[in-house]
Each structure stands twice: as structure tokens, then as C-alpha cells.
Amino acid sequence: MNVVALAGGVGGAKLADGLARNLQAGSLTVIVNSGDDFDHLGLRVCPDLDTICYTLAGLANPDTGWGRAGETWHAMDSLKQLGGPTWFRLGDHDLGTHLERTRLLAEGLTLSQVTESFCERWGIKHRILPMSNDRTPTIVHTDVGQLAFQDYFVNQKCQPQVIGFQFNNIESAQPAPGVLESLIDANVLIICPSNPWVSIDPILSVPGIKETILDRLDRLLVIAVSPIIAGAAVKGPAAKMYSELGIDPSALNVARHYGSQKNGGLLTGYVFDVLDRDQENDIEALGLSTLMTNTVMKFDADRIKLAKEVLRFTKSSLN
Ligand code: FO1
């Protein structure tokens, strides 16, 4: 079985890790949002790619979900003493990643080549691809104006009220090498429990990605896992964004966001939490097959268990 997962940062990384641990080496491709990427302190920082890579390599900080385990902060302390910008925290180990990526990009390598090389060094047995090698920075339209994504997310702590989103240069971006090929070869596409607005929509907006998925619907199962549980996001601003956009944050509305194949949308199946059992009938009424289970991934065992259940659900749908 060839599985492709679409993922953003922390929530997506947990399920992608569960999938990686349940699948044979090489049978999983994770296509990662690169709309959060930005230049900071002269370095190219790719938060979602790094979160996915660190998690699959067993290097991730278990408390934050982003950055490295056992991190030290000497460079940040030194920067602070000099009056430099410390709102975006780059640990000493993590800085090594950004330094080397920036150096390789300046030498002319593409982001996917750099990512492939890092994955090999970190011993990752599955393929991790940025959605695009082109830069498509996410801009958040808010009540205090247009904000670059990390300014909104980290500097302003997601406090401004969201009005909409813009993925700069997305119309001219190309999918990174391997992205369309992996979708063409896939039997199953899993949309991880990442933020639909700012993690998954940027991926689906790269010209060619959504079109390839829609072209393959007769041979490709598309399953999404809800990032919203009982009206709240496990992590991050997804629920707050839904509310501010005037949409009730619910598992049902995430399913509507992606749409059912029966109504011209993407999904064949949907996985949501037992706490949202009251929405089961409405979700099924969209024309989706459903798996209702515990979707909170607090411990390693939870991500392995959820991934196993999602894979079993897809296999039962394949038969
Ligand atoms: N998130 C924070 O809330 N504060 C930080 O200082 C921060 C630093 C950081 C450094 C490297 C990295 O890869 C991620 C980092 N993140 C931080 C997380 C990041 O902003 C978000 O996870 C994503 O962009 C949203 O998916």
C-alpha cells in the first residue's frame, strides 16, 4: 500500500510519525506545508518541515512538539544580551539545521534536495517532501492588518482577529519534484489533523496538487482526520480561526471544509473523535464513511494506535 499524508506542524507530525511506524520503509510520503517558512536572523527557517523531520527522526522536543529535544539556548541568550530579536526561539541544535539549510540553498540546492539530504542523515526511512520549492509565504489578514504568518502565530500569539488568508505567489508555484508522482502512485491519501486553513489549504492550493487528487478519485481513497475535538483544537488556533471566520468550529465543519467526493469534494472517509459522536449522523449524511475513535495523541502509543486504526479503516474501505 502506498500512502501519502498531507501535514502541517505538530498535530500532523504526530499522526505522520504513527503512520511511519506502522508502514514498511519507503511506503509513506509526507507532503509538508512550506507556507510557514520564513527568513529569520538571515537563516531560512522551515518550521513544519523541521517539525515533521525531527518527529520522524525521534529528535523532537516532546513538550513543545516543535524544535529539538534536550535543546540548549546559549545563542538566544547571547542574542538577547545584544538586544537582538528573540521572539522566535531558535535553540542551539535547531540553529545548526537552519545554518546548514541556508548554506546549501545558497549553494544552489533546492529545498527538497536539502530536505532529502537531512532525512538521510537523520535516518528517516520514509520520504518527506516540501509541497513546493518555490516560496509561497502565508499572509494572515487580521483586524490589525496583514501579518506574515510567524508574526501572527508566534510574535502576536494568534491574538489578532482573523479575516482571511493569502498564499503569496501560489499561482506560479510548482509542486516539488516527487509530489505529483507520489499522489499518482498512492492508494491512500491521509489528510493529517493539521490546521485546514493555514497548513492543509496551502498544500492543496499549489497548482496541480488538488487537480491530481481529483483526477485520481476512482483509484485513491482520501481520508481526513479532524483536528477539532469537542469544538476545540488540540493545539494551535484552528478553532479560533473558524469562530472568527463565522463558522462553528466542529469536526463536521472540517469535513465540510474538505468536502465529500459525493458532492464534488475530496473526501471518501473521515476520522473524528468519540467526543463528537453527536455529529456522526450529520457527517455520514455528507456521504462519508466514518471512523469514530479516540484521536487525542498525548503519548507515542496514542499516535501508533490512531495510525493503525486509520490504516485499518482505509483497508476496510479498499475491500
Ligand atoms: N512556536 C512558538 O510558539 N514559539 C517559538 O518561539 C517557536 C520557534 C520555532 C522555531 C523553530 C521551529 O521549527 C518552530 C518554532 N515554533 C515556535 C513553531 C512554529 O511557529 C509553528 O509550529 C508552525 O509554524 C505552525 O505549524
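Me: Which residues are the closest around the ligand?
Reply: A residue is near a molecule if one of its heavy atoms lies within 4 Å of it. This is a predicted model. In it, 14 residues surround the ligand. The closest are Asp36, Asp48, Phe88, Arg89 and Gln150.

Me: How far is a polar side-chain atom of Asp48 from an oxygen atom of the ligand?
Reply: A polar contact needs a pair of N or O atoms within 3.5 Å. Asp48 brings a polar side-chain atom to an oxygen atom of the ligand. The distance between the two is 2.8 Å.

Me: Which residue has a polar backbone atom 2.9 Å from an oxygen atom of the ligand?
Reply: Gln150 uses an N or O atom in its side chain, 2.8 Å from a ligand oxygen. The backbone atom belongs to another residue named here. At 2.9 Å from a ligand oxygen, the polar backbone atom is that of Arg89.

Me: What percentage of the ligand's exposed area does the protein bury?
Reply: Start with the ligand alone. It then exposes 540 Å². Of that area, the protein buries 89%.

Me: Which element gives the largest share of the shell around the ligand?
Reply: Two elements give two or more residues to the shell: helix 2 (47–56) and helix 6 (149–155). The largest share is 4 residues. It comes from helix 6.

Me: How many residues in the shell around the ligand are nonpolar?
Reply: Sort the shell by class. There are 4 charged residues and 2 polar ones. The nonpolar count is 8.

Me: What radius of gyration does the chain have?
Reply: The chain holds 13 helices and 14 strands. For 319 residues the globule rule gives 20 Å, and the chain comes close to that, so it is as compact as a globular protein of that length. Its radius of gyration is 19 Å.

Me: What share of the chain's contacts with a separation of 6 or more joins residues 24 or more positions apart?
Reply: Contact means heavy atoms within 4.5 Å. Count the pairs with a separation of 6 or more, then take those 24 or more positions apart. Their share is 69%.

Me: How many of the 8 residues of helix 11 are buried?
Reply: Buried means under 20% relative accessible area. In helix 11, that holds for Ala251, Leu252, Asn253, Val254, Ala255 and Tyr258. Helix 11 (residues 251–258) is thus mostly covered, and its buried count is 6.

Me: Which residue with a positive phi follows helix 11?
Reply: Look just past the end of helix 11. The phi there is near 80°. The residue is Gly259.

Notes
Residues numbered from 1 in each chain as written. Predicted model: local features only at pLDDT ≥ 70, side-chain atom pairs only at ≥ 80, totals over all residues. Heavy atoms only, no water. Polar contact = N/O pair within 3.5 Å; in protein donor to acceptor, adjacent residues only side chain to side chain. Areas by Shrake-Rupley, 256 points an atom, 1.4 Å probe, with all protein chains shown as cover. Nonpolar A, V, L, I, M, F, W, Y, C, P; charged D, E, K, R; others polar. Rg over C-alpha atoms; globule rule 2.2 N^0.38 Å. Buried < 20%, exposed > 50% of the residue type's maximum accessible area, 1.4 Å probe, protein only.
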